[in-house]
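Q: I'm new to reading protein models and would like some help. Could we go through this one feature by feature?

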Amino acid sequence: MSIPFVDLKAQYASIKSDIDLAIAGVINNTSFIGGPIVTEFEEAFADYLGIDHCVGCANGTDAIEIALQALGVGAGDEVIVPANSWISTAEAVNAVGAEPVFVDYLENEYTLDPALTELAITNKTKAIIPVHLYGLPARMPELLKVAQTHQLKIVEDCAQAHGARIADQKVGTFGDIATFSFYPGKNLGAYGDAGGIVTSDRLLAQRCRMIGNHGQLSKHDHRILGRNSRLDTLQAAILKAKLPFLEQWVRQRNQVAQWYGQYLNKSVTRQITPDGYRHVYHLYVIRTAKRAHLMNALDKSNIGYSVHYPTPLPFIEAYAYQNKSEEDFPVASKLADEIISLPIFPEMTEKQVQTVAEIVNKFK
Ligand SMILES: *Cc1c(COP(=O)(O)O)cnc(C)c1O
């Protein structure tokens, strides 16, 4: 039995008629940019999160960049970013002319360490970007306290955490502004690139919309210099059709995670979810000192896997100029050699989980 890392075909098959109808609707109207469907999706997604404003944009990387720009972050500023994330989180900081300051993460949760965050603050620090990595909310209560004490902005990177929450509050509603990616493999994924920015601040939302639409408030009224980063109507239609299923998919992902919990040997190290936190399991990440052997065995059985991420951000070539060493990031350095992401997707069966777990248990 071969098991894919993610199975987007299974998801399409389960909602094919909804998707086909949504796509045909856009083509029939030939309204490919803007229009009511984009607004309807933005409103539905904001409603789902429990926040006032959502501004669609072209992808999750642009979303971070636009959010930072709208907050006024730019040249000479520093922004605190976790040492382990997808490169977008840091890249967006450079893109607005600011400098990412990497901070190590919590060894059991793999999210930004609030105590180390506070130690990294300088008089240039303007913002913190917590990432709800793998779908687990970062320690928002502690990070909000740090931000308040030092008057910093918080941009939540929610690219992996649609629907994750702490108690009843969804991620994306804690900070000043938050960003989402709807890349196809994300928990709510489009059929191409797409992204979104959410905030409860009306003026901030308006600034984001202007930045993403050539600085226009209305047609030919360019108030500021912006760019082109809009949410495609076709993608908005697909996302709108998929949104009603998101909660169900999150529950199914949690079921898969529970099966892993049941079938994996107790000594396999996994991400720990704090009490009251709802993980949405974009990824199911474990640690093993025998990773190379495990990868070999998974390859032989045609089981998909990945590593998120093989190199901590401060050590990738693009950031060599920061001259950081392993001692600066002991947790990230150690874990980068041990982490591995096992297959997880809503349609995954108990039998498939059992098959993966049996192999993993040999290399714990
Ligand atoms: C996917 C991702 C992004 C970027 O999203 P794109 O839509 O691919 O630009 C940003 N941050 C994190 C943590 C991600 O996983």
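A: Sure, and let's begin with a bit of vocabulary: Ala, Val, Leu, Ile, Met, Phe, Trp, Tyr, Cys and Pro count as nonpolar, Asp, Glu, Lys and Arg as charged, and the others, Gly among them, as polar. Keep in mind that this is a predicted model.

Q: Thanks! How do the residues that line the largest pocket divide into those classes?

A: The lining has 10 nonpolar, 11 polar and 3 charged residues.

Q: How do people find empty space like that, and how much of it lies in the largest pocket?

A: The general idea is that rolling a probe the size of a water molecule over the atoms shows where empty space is left. Here, the largest pocket holds about 470 Å³ of space. It is lined by 24 residues, and the closest to its centre are Trp86, Gln160, Tyr183, Lys186 and Tyr309. Two elements give two or more residues to this lining, namely helix 4 (60-70) and helix 5 (88-95). Helix 4 gives the most, with 3 residues.

Q: Tyr309 is on that list. Which residue is joined to Tyr309 by a cis peptide bond?

A: That's His308, and omega for the bond is about 10°. If you want to find Tyr309, look in the loop between helix 11 (291-300) and helix 12 (330-336).

Q: What about cavities? How many are there of 30 Å³ or more?

A: The count comes to 2. The largest cavity has a volume of about 90 Å³. Lining it are 14 residues, with Leu8, Gln11, Arg253, Phe345 and Pro346 the closest to its centre. By class, the lining of this cavity splits into 5 nonpolar, 4 polar and 5 charged residues.

Q: Now the helices. What do I look at when two of them pack, say helix 3 and helix 9?

A: Two packed helices are described by the angle between their axes and the distance between the axes. For helix 3 (residues 36-49) and helix 9 (residues 233-242), the angle is about 40° and the axes are 8 Å apart. The two helices are therefore oblique to each other. Their crossing is left-handed. Helix 3 brings Ile37, Val38, Glu40 and Phe41 to the contact, while helix 9 brings Thr233, Ala236, Ala237, Leu239 and Lys240. Those residues divide into 6 nonpolar, 1 polar and 2 charged.

Q: Helix 2 packs with helix 9 too. Are these two roughly parallel or roughly antiparallel, and why?

A: Helix 2 (residues 16-29) packs with helix 9 at an angle of about 150°, with the axes 9 Å apart. Angles over 145 degrees count as roughly antiparallel, so helix 2 and helix 9 are roughly antiparallel to each other. Helix 2 passes helix 9 in a right-handed crossing. On the helix 2 side you'll find Asp18, Ile19, Ala22, Ile23 and Val26, and they meet Thr233, Leu234, Ala237, Ile238, Ala241 and Lys242 of helix 9. By class, this contact has 8 nonpolar, 1 polar and 2 charged residues.

Q: Can we try one more pair? At what angle do helix 10 and helix 13 pack?

A: Helix 10 (residues 246-263) and helix 13 (residues 350-360) pack at about 40°, and their axes are 9 Å apart. They are therefore oblique to each other. Their crossing is right-handed.

Q: One last thing: what sign does phi have in Gln151?

A: Phi of Gln151 is positive, near 55°, in a residue other than glycine. Gln151 is in the loop between helix 7 (140-150) and strand 5 (153-157).

Methods. Residues are numbered from 1 along each chain as its sequence is written. This is a predicted model: local features need pLDDT of at least 70, side-chain atom pairs count only at pLDDT 80 or more; totals for chains, interfaces and linings use all residues. Side-chain values use heavy atoms; hydrogens and water are left out. Axes are lines fitted to C-alpha atoms, for helices over the stretch in contact, and angles run from 0 to 180 degrees between N-to-C directions. Helices (H or I, at least four residues) and strands (E, at least two) are DSSP runs, numbered from the N terminus. Angles under 35 degrees count as roughly parallel, over 145 as roughly antiparallel, 65 to 115 as roughly perpendicular and the rest as oblique. A crossing is left-handed if the near helix is turned anticlockwise from the far one by less than a right angle, and right-handed if clockwise. Contact means heavy atoms within 4.5 Å. On a 1 Å grid over the protein atoms alone, a cavity is a set of points where a 1.4 Å probe fits but cannot get out, and a pocket is an open set with protein on both sides within 12 Å along at least five of seven lines; lining residues have an atom within 4 Å of a point. Grid points are joined across faces, edges and corners, and a volume is the space filled by probe spheres set on the points.
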